[in-house]
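This explanation concerns the charged side chains of one structure. Please consider where they lie and how they pair.

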Amino acid sequence: MADIVTAEQRSRNMAAIRSRDTKPEVYLRKLFFAKGYRYRIADKTVPGHHDIFLRKYNTAIFVHGCFWHRHQNCKYAYMPKSRVEVWQKKFNDNVRRGKIVQDELQARNIKCLIVWECTIKKMIRDSTMQKELLAQIHSFIQDMHNTKFCLY
Ligand SMILES: [Zn+2]
């Protein structure tokens with residue numbers, strides 16, 4: 001049987017394939033690379049679908065979409081108007097999975113850095129903010145004795 005795919009279907013397929021490299025992740029990777037960090041995109045030995053793994057600093061970095069991961073008090077974490085219960089269940093599952101991954105990372109002494117998508121949008125727009133956040137991230141990553149395990 002012939003493999004017939006409409007143009008619309010094809011573009012949808014392509015979008016699905018690209019979803020692992022959505023813009024904020026790519027931006028953050030490029031920024032980290034430019035700052036001299038060397039990383040893996042996905043280290044299979046580390047729990048969770050992190051976006052960057054810094055082996056040298058034993059830190060997994062996650063870019064969290066505000067909508068999917070329910071960023072509190074964020075305008076992007078709105079509630080859809082229809083099928084509220086279905087959405088609520090999806091959101092709860094996402095948040096619960098995220099927590100499980102964090103517990104697994106902590107059990108293995110791997111630090112976890114969550115960067116919200118809206119934070120990255122601000123970093124892209126505002127270079128002062130970019131500097132401040134990078135400094136904050138840098139000190140979190142470098143500090144081997146920090147009591148804080150997970151930075152948001
Ligand atoms: Zn947000």
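A residue is called exposed when its relative accessible area is over 50%, buried when that area is under 20%, and partly exposed in between. The model considered here is a predicted one.

By that cut-off Lys75 is exposed, because its relative accessible area is 67%. Lys75 is found in the loop that runs between strand E2 (59-64) and helix H3 (84-107). On the surface, Lys75 belongs to a patch of positive charge, where it gathers with Lys23, Lys121, Lys122 and Arg125. Which element gives the largest share of this positive patch? Helix H4 (residues 117-125) does, with three residues. Residues join such a patch only if they have no salt bridge, and the charged side chains that do form salt bridges are therefore treated separately.

How many salt bridges does a search of the whole structure find? The search finds five. Two of the salt bridges share the residue Asp93. In one, the side chain of Lys89 meets that of Asp93, at 2.9 Å from N to O. Lys89 and Asp93 are four residues apart in helix H3, and so about one helical turn separates them. The partners differ in their cover: Lys89 counts as exposed at 53% relative accessibility, whereas Asp93 counts as buried at 18%.

In the other, the side chain of Arg96 meets Asp93, here at 2.5 Å from N to O. The spacing along helix H3 is three residues for Arg96 and Asp93, which again means a separation of about one helical turn. Arg96 is partly exposed, since its relative accessible area is 49%. Asp93, a buried residue, thus has a salt bridge with the exposed Lys89 and another with the partly exposed Arg96.

A further group consists of Arg40, Asp43 and Arg55, which are linked in a network of salt bridges. Within this group, the side chains of Asp43 and Arg40 meet at 3.8 Å, N to O. This distance qualifies as a salt bridge because the cut-off is 4 Å between a side-chain nitrogen of Lys or Arg and a carboxyl oxygen of Asp or Glu. Is Asp43 buried or exposed? Asp43 is buried, with a relative accessible area of 5%. Its partner Arg40 is partly exposed, with a relative accessible area of 44%.

Note on methods: Residues are numbered from 1 along each chain as its sequence is written. This is a predicted model: local features need pLDDT of at least 70, side-chain atom pairs count only at pLDDT 80 or more; totals for chains, interfaces and linings use all residues. Side-chain values use heavy atoms; hydrogens and water are left out. Patches are made of residues with over 30% relative accessible area and no salt bridge: like charges are joined within 9 Å, nonpolar side chains (Val, Leu, Ile, Met, Phe, Trp, Tyr) within 5 Å. Accessible areas come from the Shrake-Rupley method with a 1.4 Å probe; for residues, only the protein chains shown count as cover. Lys and Arg count as positive and Asp and Glu as negative; His and the chain ends are not counted. The place of a charge is taken as NZ of Lys, CZ of Arg, CG of Asp or CD of Glu. Helices (H or I, at least four residues) and strands (E, at least two) are DSSP runs, numbered from the N terminus. Buried means under 20% relative accessible area, exposed over 50%, partly exposed in between (1.4 Å probe, protein chains only).
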